[in-house]
Structures are given as structure tokens and as C-alpha cells.
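Open the model in your viewer and keep the selection panel handy. We will go from stop to stop, and at each one you will hear what to pick and what is there.

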Amino acid sequence: MLIPQKKQQGVGLIEVLTSMLVLSIGVLGMISVQSRSVQFNQGAMYESKAAVLANDIMDRIRANPDQASRYRITLGESASQGTDCFGAGANCTESNMADYDVASWRTEIAENLPSGLGEVIEMPGAGGTSIFIVTIQYQDSRAEDGSAFSVNSGDETPPKQLSFRTTIR
């Protein structure tokens, strides 16, 4: 005689646990992707700020071409504060303006980029022109830490440098 089989009702415990495992692995993957996205967005923001700051000093040099050589500064050199040339009552010479531009530019870099430094190098160009190379350096360790592309395993991340070039006549 045949014994009647009961139909399965509901879901088995193993099936529920398996689906929870698959779901949790998917959620962890999404969290990881979101975390890396935030890190890369931070790095892109720093690069954008560096580009804006480089264009700022290049525009300042173009606006004061007779004093262009006063804009030269190295990464390790501190900028002289000079005269405050901002405001209605400011009375600055072109050389005072150049000193003020460099000092305020370096302050903006330090305020907007982590461990930020700026450098302006002047080189002779063709036909009496001057070529200015603006380099901005900052620490972008948040975007680089744990990256699959990192060359330093466990070491401190080297600073990131971006260079821009312009010609002044």
C-alpha cells in the first residue's frame, strides 16, 4: 500500500539561510563600491581645486606681466607676506601686488588642499617670451589608501603633483 506524501508547505530553513547569505554578500559588495566612489570623488575634487588655483596664479601673472619674475617660488620656500593689497584703501605698487598675489595664493592652497604647496618656475621661451610652470602638490592619501593601483604597500602615500604651463609675453 502506498503511503500518501505530504506536500511541502513553506520554505525550508536551509533555503532561507542560503538566500540571506547571497543577499548579504550583495549588500557588502554595494557598500564597498560606494566607499570607493566617495574616495575617488574626493580625489577628483582635490584635482579640480588644484586646477582652479593654478589658473588663478597664471591669471595673476598675466595681469601683472612687468613683475612676472616676482611670482617665482619653490615648493619649500615661504612667501613673504608683504603689503595687504586687498580693499578700497590699498595703495600697492606692481611689485607689492606680485608679493601679495603669491602670498595669498599660497594661503589659498594651504586652506583648500591637504598639505598643499605651490610652486611657480619661470623659463625662457622663444621670441622673448617667458614660460611659467605652475606645480601644485598635495597629499591625497584618502583616495590612494587601499587602492589596487597603490605602489607602496604599507608606506605613506607620496604627495600628488599637478603641473600647468603658460606663456607670458
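Start with valine 16, which you will find in helix 1, spanning residues 13–63. The model you are looking at is a predicted one, so please read every stop with that in mind.

**Stop 1: a nonpolar patch**

Keep valine 16 selected and turn on the surface. Is valine 16 buried or exposed? Its relative accessible area is 35%, so valine 16 counts as partly exposed. Now add Val11, Met20, Leu23, Val27, Leu28 and Ile31 to the selection: together with Val16 they make a nonpolar surface patch of about 660 Å².

**Stop 2: the whole chain**

Zoom out and switch to a cartoon. The protein chain has three helices and three strands, and reading along the sequence gives the order α-α-β-β-α-β. Of its 169 residues, 30% count as buried. The accessible surface is about 11400 Å², and carbon and sulfur atoms account for 57% of that. If you draw contacts with a separation of 6 or more, 64% of them are between residues 24 or more positions apart.

**Stop 3: the disulfide**

Select cysteine 85 and cysteine 92 and show them as sticks. A disulfide joins the two, with an S to S distance of 2.0 Å. A disulfide is a covalent bond between the sulfur atoms of two cysteines. The structure's count comes to one disulfide. Look along the S-S bond joining cysteine 85 and cysteine 92: the angle about it is -110°, and the link is left-handed.

How do the two ends compare in exposure? Cysteine 85 has a relative accessible area of 12%, so it is buried. Cysteine 92, at 25%, is partly exposed.

**Stop 4: aspartate 99**

Move on to helix 2, residues 94–112, and pick aspartate 99 there. With a relative accessible area of 16%, aspartate 99 falls under the 20% limit and is therefore buried. Which residues does aspartate 99 contact, leaving aside its neighbours within four places in sequence? They are Arg70 and Ser80. Try a distance label between the C-alpha atoms of aspartate 99 and serine 80: they are separated by 6.7 Å, although the two residues are 19 apart along the chain.

**Stop 5: the hairpin**

Next, select strand 1 (residues 117–124) and strand 2 (residues 130–138). The two run antiparallel and are joined by eight bridges. To check one pairing, pick isoleucine 121, whose bridge partner in strand 2 is isoleucine 133. Then follow the backbone around the turn: strand 1 and strand 2 form a hairpin with five residues between them. Glycine 127 sits in that turn and has a positive phi of about 65°.

**Stop 6: the salt bridges**

Show the charged side chains. How many salt bridges does the structure hold? There are seven.

Begin with lysine 160 and glutamate 47, whose side chains meet in a salt bridge at 2.7 Å, N to O. This pair links distant parts of the chain, with lysine 160 in strand 3 (residues 160–168), glutamate 47 in helix 1, and their positions 113 residues apart. Lysine 160 is partly exposed at 24% relative accessible area, and glutamate 47 is partly exposed as well, at 34%.

Now centre on arginine 60. One of its partners is aspartate 56, and the closest N and O atoms of this salt bridge are 3.2 Å apart. Both residues are in helix 1 and lie four residues apart, so about one helical turn separates them. Arginine 60 is buried, with a relative accessibility of 17%, while aspartate 56 is partly exposed at 21%.

Arginine 60 also meets aspartate 101 in a salt bridge of 3.4 Å, N to O. Here again distant parts of the chain are linked: arginine 60 belongs to helix 1 and aspartate 101 to helix 2, 41 residues apart. Aspartate 101 has a relative accessibility of 5%, so it counts as buried.

For the last view, add Glu108 to the selection. Asp56, Arg60, Asp101 and Glu108 are linked in a network of salt bridges, and this is where our tour ends.

Terms used:
Residues numbered from 1 in each chain as written. Predicted model: local features only at pLDDT ≥ 70, side-chain atom pairs only at ≥ 80, totals over all residues. Heavy atoms only, no water. Patch = residues over 30% accessible without salt bridge, like charges linked within 9 Å, V, L, I, M, F, W, Y side chains within 5 Å. Areas by Shrake-Rupley, 256 points an atom, 1.4 Å probe, with all protein chains shown as cover. Salt bridge = Lys/Arg side-chain N within 4 Å of Asp/Glu carboxyl O. Buried < 20%, exposed > 50% of the residue type's maximum accessible area, 1.4 Å probe, protein only. Disulfide = S-S within 2.5 Å. Pairing = 2+ DSSP bridges. Contact = heavy atoms within 4.5 Å.
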